[in-house]
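Visitor: I have a structure to look at and some questions about it. Could we go through it together?
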Amino acid sequence: MEQKYIINKAKKDDIVGIYNLLHREFVKKYSPNSEKEEFEKHKKWYEFWLKSPYHIIYVIKNLSGEVVGQIRYEIDGEISIISIYLDRVNRGKGLGKTFVERSIEELKIERKDVKLIVAYILEENDISKKMFCNFNFLFSEKKNYNGIEHLIYTKKIR
């Protein structure tokens, strides 16, 4: 199944695809600003992430080249916070585990300093809890993160 997808480190050319995947519908529905203004804000944010030595984004594309997901790592020394997002069409197919596994292998090559991956998961997100547990992440604790209580799962990679 995963052979129908390509996972690569994000490039500047991927910004539009990532924006459309994550933000476009939300912006159209909720933002008082124009879509163009919001896109420019997101573009600056992604350009910062792409240049930053503390952030890595992997994009998941189908064979048509359409961005269908992303995995982000926010790195702080030996610890990296992981965030994954798949479009609705590709959820529930077991792809998340495959993509997380592949991205961690890439991260291990690129960042030999990272030893621990941390996932912050909302308590009601049963799919993410199951996926991370199936990939040998261990529940650590409940913690307030960005003002919202999360379940913390961790995985040692070295």
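Guide: Certainly. This is a predicted model. We may begin with the largest pocket, whose lining, sorted by class, has 19 nonpolar, 11 polar and 6 charged residues.

Visitor: What is the volume of the largest pocket?

Guide: The volume of the largest pocket is about 1000 Å³.

Visitor: And which residues lie nearest its centre?

Guide: Ser83, Ile84, Tyr85, Asn125 and Ser128 lie nearest the centre of the largest pocket, which is lined by 36 residues. The elements that give two or more residues to this lining are α3, β3 (67-76), β4, α4, β5, α5 (126-134) and β7.

Visitor: Let us take β5 from that list. Is strand β5 largely enclosed or open?

Guide: Strand β5 covers residues 116-121, and 5 of its 6 residues are buried, so the rest of the structure largely encloses it.

Visitor: In which sense do β4 and β5 pair?

Guide: Strand β4 (residues 79-86) and β5 pair in the parallel sense, over 4 bridges. Within this pairing, Ile79 stands opposite Leu116 in β5. Between the two strands the chain passes through helix α4 (residues 95-110), and this β-α-β crossover is right-handed.

Visitor: How many bridges join β5 to β7?

Guide: There are 6 bridges between β5 and strand β7 (residues 148-156), and these two strands run antiparallel. Here Ala119 stands opposite Tyr153 in β7.

Visitor: Which way do β6 and β7 run, parallel or antiparallel?

Guide: Strand β6 (residues 138-145) and β7 run antiparallel and are joined by 7 bridges. In this case Glu141 stands opposite Ile152 in β7. The hairpin of β6 and β7 has 2 residues between the strands, and Asn146 takes a positive phi near 55° there.

Visitor: How should I regard a positive phi in general?

Guide: Most residues other than glycine have a negative phi. Another residue to look at is Asn136, whose phi is near 65°, a positive value in a residue other than glycine.

Visitor: Where does Asn136 lie? Does it count as buried or exposed?

Guide: Asn136 lies in the loop between α5 and β6. Its relative accessibility is 55%, and it therefore counts as exposed, because the cut-off for exposed is over 50%.

Visitor: Now a residue in β7, please. Does Lys155 count as buried or exposed?

Guide: Lys155 is in strand β7. It counts as buried because its relative accessibility is 15%, and the cut-off for buried is under 20%. The C-alpha atoms of Lys155 and Arg72 are separated by 16 Å, and these residues are 83 residues apart along the chain.

Visitor: What about Ile57: in which strand is its place?

Guide: Ile57 has its place in strand β2 (residues 55-62). With a relative accessibility of 3%, Ile57 counts as buried. Its C-alpha atom is separated by 9.8 Å from that of Ile82, although the two residues are 25 residues apart along the chain.

Visitor: One last topic, the helix α3. How many residues has it?

Guide: Helix α3 (residues 35-51) has 17 residues. From its first C-alpha to its last it reaches 24 Å, close to the 24 Å expected at 1.5 Å a residue.

Visitor: And which residues in α3 are buried?

Guide: The buried residues in α3 are Glu38, Phe39, His42, Tyr46, Glu47 and Trp49. As mentioned earlier, α3 is also one of the elements that give two or more residues to the lining of the largest pocket.

Notes
Residues numbered from 1 in each chain as written. Predicted model: local features only at pLDDT ≥ 70, side-chain atom pairs only at ≥ 80, totals over all residues. Heavy atoms only, no water. Buried < 20%, exposed > 50% of the residue type's maximum accessible area, 1.4 Å probe, protein only. Pairing = 2+ DSSP bridges. Right-handed = clockwise from strand over helix to strand, strands pointing away. Expected span 1.5 Å × (residues − 1). 1 Å grid on protein atoms, 1.4 Å probe; cavity = no way out; pocket = protein on both sides within 12 Å on 5 of 7 lines; lining within 4 Å. Points joined across faces, edges and corners; volume = space filled by probe spheres on them. Nonpolar A, V, L, I, M, F, W, Y, C, P; charged D, E, K, R; others polar.
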